[in-house]
Each structure stands twice: as structure tokens, then as C-alpha cells.
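Open your viewer and get ready to click along. We will go from the whole chain to single side chains, one stop at a time.

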Amino acid sequence: MGNPTLDPDIPRLYSLAEAATVLGYGSKQGLHKRIQAGEIPCRYVGTTLVLRADLIDALAARENPTT
């Protein structure tokens, strides 16, 4: 099966583990605390917690700027 066609109306999503990695957390717990505090928006798709990749990428760029 080849690569699926991406729908431009559906944003790219990260799982909690993927977002934690992008943000440089050693575990998912630190990110989950920020989500619970209302600092980072997320949604459930079924039983899976997902985060918008564009928001996480932007947050990572702000929090971990390259020198």
C-alpha cells in the first residue's frame, strides 16, 4: 500500500509521546501536566490524546531556539 493522500483540511497530529519528544521532554508526564494546566491544547480522537503538530512545532521553536 502506498502513501495515503493527505487531506489539506485535516491538520497533522502528534500523539502525546511524539509531542513530548519534539518538545524535548524525557517522558510524557511533564507534557501531560502542562496539558492539565491548560497551557497546551489537545483533543481526544477516540481514546487517543492528540495535539496539533503545527502548534507543538511552534511551541518547540519558542522554547528551544537554536543559537
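A residue is called buried when its relative accessible area is under 20%, exposed when that area is over 50%, and partly exposed in between, using a 1.4 Å probe on protein chains only. By that rule, 25% of the 67 residues of the protein chain count as buried.

Before you select anything, note that this is a predicted model, in which local features need pLDDT of at least 70, side-chain atom pairs count only at pLDDT 80 or more, and totals for chains, interfaces and linings use all residues. Residues are numbered from 1 along each chain as its sequence is written, and side-chain values use heavy atoms, with hydrogens and water left out.

**Stop 1: the whole chain**

Show the chain as a cartoon. You should find three helices and three strands, where helices (H or I, at least four residues) and strands (E, at least two) are DSSP runs numbered from the N terminus. Follow the chain from the N terminus and the elements come in the order β-α-α-β-β-α. The C-alpha atoms fill a box of roughly 35 × 35 × 20 Å along the principal axes. A contact here means heavy atoms within 4.5 Å. Of the contacts with a separation of 6 or more, 51% are between residues 24 or more positions apart.

**Stop 2: helix H1**

Select residues 16–23, which form helix H1. Which residues of H1 are buried? They are Leu16, Ala19, Ala20 and Leu23. These residues cover an arc of only 100 degrees around the axis, which puts them on the same side of H1; the arc is taken from the directions from the helix axis to the C-beta atoms. A general rule helps here: an α-helix has 3.6 residues a turn, so residues three or four places apart point the same way. Now show what covers the buried residues of H1: strand S1 (13–15), H2, S3 and H3 are included. Just after H1, click on Gly24, whose phi is positive, near 85 degrees.

**Stop 3: helix H2**

Next, select residues 28–36, which make up helix H2. At its start, a side-chain oxygen of Ser27 comes to within 3.4 Å of the backbone nitrogen of Gln29. Colour Leu31, Arg34 and Ile35, the buried residues of H2. Looking down the axis of H2, you will see its buried residues fall within an arc of 105 degrees, so they line one face of the helix. Turn to the other side of H2, and you meet the exposed residues Gln29, Lys33 and Gln36. The buried residues of H2 pack against helix H1, strand S3 (48–52) and helix H3 (53–63). After H2 comes Gly38, with a positive phi near 85 degrees.

**Stop 4: where H1 and H2 meet**

Keep both helices on screen. Two packed helices are described by the angle between their axes and the distance between the axes. For H1 and H2, the angle is about 100 degrees and the axes are 9 Å apart; axes are lines fitted to C-alpha atoms, for helices over the stretch in contact, and angles run from 0 to 180 degrees between N-to-C directions. H1 and H2 are therefore roughly perpendicular to each other, a label used for angles of 65 to 115 degrees. Show the side chains that meet: Leu16, Ala17, Ala19, Ala20 and Leu23 from H1, with Lys28, Leu31, His32 and Ile35 from H2.

**Stop 5: the salt bridges**

The structure holds four salt bridges, each a side-chain nitrogen of Lys or Arg within 4 Å of a carboxyl oxygen of Asp or Glu. Select Arg34, which is buried with a relative accessible area of 18%. Its side chain forms a salt bridge with Glu39 (2.8 Å, N to O). Arg34 also meets Glu63 in a salt bridge (2.8 Å, N to O). Glu63 lies in helix H3 and Arg34 in helix H2, so this pair ties together parts that are 29 residues apart in sequence. Glu63 is partly exposed, at 34% relative accessible area.

Now move to Arg52 and Asp54, whose salt bridge has its closest N and O atoms 2.7 Å apart. Salt bridges that share partners join Arg34, Glu39 and Glu63 into one network.

**Stop 6: Ile40**

Last, click on Ile40 in the loop between H2 and strand S2 (43–45). Is Ile40 buried or exposed? At 5% relative accessibility, Ile40 counts as buried. Leaving out residues up to four places away in sequence, Ile40 touches Leu23, Leu31, Arg34, Ile35, Leu51, Ile56 and Leu59.

Notes. A polar contact is a pair of N or O atoms within 3.5 Å; within protein, one must be able to donate a hydrogen and the other to accept it, and residues adjacent in sequence count only if both atoms are side-chain atoms. Angles under 35 degrees count as roughly parallel, over 145 as roughly antiparallel, 65 to 115 as roughly perpendicular and the rest as oblique.
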